[in-house]
Structure formats: structure tokens, C-alpha cells
Amino acid sequence: ARVDLGGIAATMSRTIGTGTRLAIRLKAEHAEWDDEVSAVNLPPIRRTIYEAGGQLDIDTYDRGVFPSRGVRLQARSEWGGRLAGDGGPYSHQFGDLHAYVPILPGVSLWTGVTVGASGGSPPPHYLFYLGGAVPYYLFPDRDVAFVGLRTQELRGRHMQKAEIGAQWEFLPKVFGLVRWNAGNVYDRWTWDPSHYVSGVSLEVGAATLAGNVHFSFPSDAF
């Protein structure tokens, strides 16, 4: 699937302390969506929307890359509607919580929960996607990393994901990781972990002056 979009937004935010930020935003956006993977070649979807939303960010990580302790929360709620094109009112809700706890020198455990829900008639690129080793940088609140699945392998209106892992800094700024995640996407919100798919990966990463380097060796989903 391909989406071309442009938009303009106004954001007002307030920082509380050193690790908390509250923000509200108004946005207008035009998007053209072309689904090239469908068995039926459908015409592109063109849609202009308006949106109002709020976001809460809490970050107490001890470092931005490969943290060893701390909590990070991102919660977002958005409500919008049609200015031009097809579609109607919609909502988009997203929450992501991760926590790292050191247990030995250089060794940390972490756990995380990610959930999302969309209501009404959301644009196609406001649906949730699961798959790939890293989230897509343009839509981190919709395109969620999931080891064991190919990039954007699953798509749905609602999404649930849980993960646990361990991280070991076996050399200065060089890390080994093991990760397990489970979850799924749904067209209707339901709570049924028996339908979750799971994946496991072994990973090696390093924090360098040019940024972080990350290699992932995932299993197939099961």
C-alpha cells in the first residue's frame, strides 16, 4: 500500500518537570491512498480531513537508546472528520507503555504493552499495522513493530500487543537482546489472547556516534 499526504498542523505543548509533556493539536491533511497489493485493482482513495487531538508523553529512561532503567508512556487521542472526499467522522486512540528494570550490572529486563483502537470511518492509513523489526518512522502510532511478522503483514481497526525481553551490555555500548512478543489486530474490539500470534528474536545492537545500529534475527510467527 502507498499513501501520499500533505498537511498543516498547529500544536501547543507544556512540559512538566523533565520527563512529562502534554500537547494538543489541530491539523488539516490531504491523503491519496493506493492499495497495490489487493487482488482487485481499486481506484485510489482521495480524502481531505480535519483533526483535533491530545497527547501525553512520559519518559524517565536513563538514555534514549538501549535504556537500562525507566518508564516510557505515549498516549494519544484524536478525533476528526471529512473536509472533502469520501468518509465520515472517525477517532483514533493509541497507548504504548514500556518499563526497564536492571537486575544485574549491565543486564536489564523489560516489558511493554501497546494497544490501539479506531472508530467511525478512519482513513486507510489510520488503521493499525503489525510487523517488522522496527516501527515505521512516519506512523509510529499506527505501524507497530512485531518480530515474527513481515512489515505491515497484519492490518486492522484495533490492535493489541504485549512483549517481554532481556538486554545485556556485554561490551561498552554493545548490546545483546532477546525479545518475545504476542498480539493481533481485529476489526472489532475483543479480548481473546488465545487468538494472538507470537514471535521471538535474538538481536545485537550498538550505540555509535552516527546513531544506533541494530540487527534482528526473528523467528516466524507461531
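**Notebook: an all-strand chain**

I opened with the turn between β4 and β5: the two strands form a hairpin with four residues between them, and Gly87 in that turn shows a positive phi of about 100°. A note to myself before going on: this is a predicted model.

**Around the hairpin**

I then followed the pairing of β4 with strand β5, residues 90-104. The two are antiparallel, and I count eleven bridges between them in the listing. To fix the register, I picked one pair: Gly80 stands opposite Tyr90 in β5.

Which strand pairs with β4 over 13 bridges? I found strand β3, residues 45-59, again in the antiparallel sense, with β4 itself covering residues 70-85. Here my register mark is Gln55, which faces Arg76 in β4. So much for this corner; β4 has β3 as one partner and β5 as another.

**A small sheet further along**

Next I looked up the open sheet of three strands, whose order is β8-β7-β9 with mixed pairing. Its edges are β8 (143-144) and β9 (154-156), each of which pairs on one side only. Strand β7, residues 128-130, runs antiparallel to β9, and three bridges join the two. For a handy landmark, I noted that Tyr129 sits opposite Arg155 in β9.

**Stepping back to the whole chain**

How many helices and strands does the chain have? My tally reads zero helices and 13 strands, and the pattern along the sequence is accordingly β after β, from β-β-β through to the end.

I checked the overall dimensions too. The C-alpha atoms fill a box of roughly 55 × 45 × 35 Å along the principal axes. The radius of gyration is 19 Å, which agrees with the value near 17 Å that a compact globule of 222 residues would have.

Then came the contacts. Among those with a separation of 6 or more, 54% are between residues 24 or more positions apart.

Buried residues make up 38% of the 222 in the chain. I put the accessible surface at about 12500 Å², with 62% of that belonging to carbon and sulfur atoms.

Last on my list were the charges. The chain carries 20 positive and 22 negative ones, and I noted that their mean positions lie 5 Å apart.

Key: Residues are numbered from 1 along each chain as its sequence is written. This is a predicted model: local features need pLDDT of at least 70, side-chain atom pairs count only at pLDDT 80 or more; totals for chains, interfaces and linings use all residues. Side-chain values use heavy atoms; hydrogens and water are left out. The radius of gyration is taken over C-alpha atoms; the globule rule is 2.2 Å times the number of residues to the power 0.38. Buried means under 20% relative accessible area, exposed over 50%, partly exposed in between (1.4 Å probe, protein chains only). Contact means heavy atoms within 4.5 Å. Accessible areas come from the Shrake-Rupley method with a 1.4 Å probe; for residues, only the protein chains shown count as cover. Lys and Arg count as positive and Asp and Glu as negative; His and the chain ends are not counted. The place of a charge is taken as NZ of Lys, CZ of Arg, CG of Asp or CD of Glu. Two strands pair if DSSP finds at least two bridges between them.
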